[in-house]
Amino acid sequence: MSEIRLNSYSLLPPVVKNLLIINAIMYLATIVLRTRGIELVSILGLHYFTAQNFEIWQPITYMFMHGSFGHLFFNMFALWMFGAALENTWGEKRFLTYYMVCGIGAGLIQLLVAGLRIHSLSQNLPPDLVQMIAENGTQILHEGKNYVGTMGALNLAINTPTVGASGSVFGLLLAFGMMYPNNLIYVYFLLPIKAKWFVIIYGALELVLGVTGTSDGIAHFAHLGGMLFGLFLILYWNRGNRYFRFKMPVFNKKKAYRYTVSSNYQYERPLSDEEYNYQKKQKEEKTNRILDKISKSGYESLTREEKEFLFSQKK
């Protein structure tokens, strides 16, 4: 077994760094092109399937768009805060795969929820009127006009684009809480709370806000979608991929000071300092006994188990 040491930890690993750069560039491009009459959010933001502005690439591109500097800043801060630890542990390819799956999954969940809402709002409206809203609603919004009541809500549901990396970020938050359950997260930089409880509380809050239909302009079900797809992917890796065995220590009561990783990239349960030092001492004593045996009786006197142990320590 070999310890993941701090000297191999990068504060800004390559995938996280490039994601930060891409999101910043896209935000600047949005501002610059808007001054020239080009609304990049309408092109790359995620619209509902029946909207006039929907394009096939939007379930991917929407996660690189942001509506305001505050939206961008907090998403990117969370990406760095949680993503750096995960990329250092998983590696570049696996981390990027996880990030994209969470983002695309969040977008699909958002479309599903929007579809259910649109279906509900369309029940008592003529089909021709619903079609007219889907085709011309964006223009009406841009002209500063709006429908009232059910038609207004339907117009917003069809033609308001979803933007932001929040779905991917919530997936990262879930993974961080599962891998480092007892690490402390400081809410507003003041209140310490263990990662596992932070994930549970935040997820429950998003569910409540999504179900109650709060009109704060935040896609709460997209956030939950990112967490849900992240969970599915982690469970898939844990079950079916022989190169990645992740054991979720969510309810582990011991402090998660150190993670160990075997030579075939199998992630084990986190060890406390006491456990780690005890195991290290036991292995050293066993190694010394085997070496003494070799010096007295030769290598061939070792048992198969002793040879395998010696070989594993040599690796």
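Colleague: Which hand does the crossing of α5 and α8 have, left or right?

Modeller: Right-handed. The rule goes like this: turn the near helix anticlockwise from the far one by less than a right angle and the crossing is left-handed, clockwise and it is right-handed. Before we go on, this is a predicted model, so local features need pLDDT of at least 70 and side-chain atom pairs count only at pLDDT 80 or more, while totals for chains, interfaces and linings use all residues. Residues are numbered from 1 along each chain as its sequence is written, and side-chain values use heavy atoms, with hydrogens and water left out.

Colleague: And what are the angle and the distance for α5 and α8?

Modeller: Generally, two packed helices are described by the angle between their axes and the distance between the axes. Here helix α5 (residues 92-122) and helix α8 (residues 166-179) have axes that come within 7 Å and cross at roughly 125°. That makes α5 oblique to α8. On the cut-offs: under 35 degrees is roughly parallel, over 145 roughly antiparallel, 65 to 115 roughly perpendicular, and the rest oblique. Axes are lines fitted to C-alpha atoms, for helices over the stretch in contact, with angles from 0 to 180 degrees between N-to-C directions. Helices are DSSP runs (H or I, at least four residues), as are strands (E, at least two), numbered from the N terminus.

Colleague: Which residues make the contact of α5 with α8?

Modeller: Contact means heavy atoms within 4.5 Å. From α5 you get Phe 95, Tyr 98, Tyr 99, Cys 102, Gly 103 and Ala 106, and from α8 Gly 167, Ser 168, Gly 171, Leu 172, Leu 174 and Ala 175. By class, that contact has eight nonpolar, four polar and no charged residues. The classes: Ala, Val, Leu, Ile, Met, Phe, Trp, Tyr, Cys and Pro are nonpolar, Asp, Glu, Lys and Arg charged, and the others, Gly among them, polar.

Colleague: Take Gly 167 in α8: is it buried or exposed?

Modeller: Buried, at 5% relative accessibility. Buried means under 20% relative accessible area, exposed over 50%, partly exposed in between (1.4 Å probe, protein chains only). Leaving aside neighbours within four places in sequence, Gly 167 touches Cys 102, Ala 106, Ala 222, His 223 and Gly 226. Its C-alpha is 7.8 Å from that of Met 63, 104 residues away along the chain.

Colleague: How do α4 and α5 pack?

Modeller: Their axes are 7 Å apart at an angle of about 135°, so these two are oblique to each other, and the crossing is right-handed. Leu 79, Gly 83, Leu 86, Glu 87 and Trp 90 of α4 meet Glu 92, Arg 94, Phe 95, Tyr 98 and Tyr 99 of α5. That contact divides into six nonpolar, one polar and three charged residues.

Colleague: How many aromatic pairs are there?

Modeller: A pair of aromatic rings is described by the distance of the centres and the angle of the planes. Rings of Phe, Tyr and Trp (its six-membered ring) pair if their centres lie within 6.5 Å; planes under 30 degrees apart are stacked, over 60 edge-to-face, the rest tilted. The count is twelve. Phe 69 and Phe 73 are stacked, with 6.3 Å between centres and 25° between planes. Four residues apart in helix α4 (residues 69-90), they are separated by about one helical turn. Phe 69 is exposed at 54%, and Phe 73 partly exposed at 42%. Phe 176 and Tyr 180 are tilted, at 5.1 Å and 50°, and both are buried.
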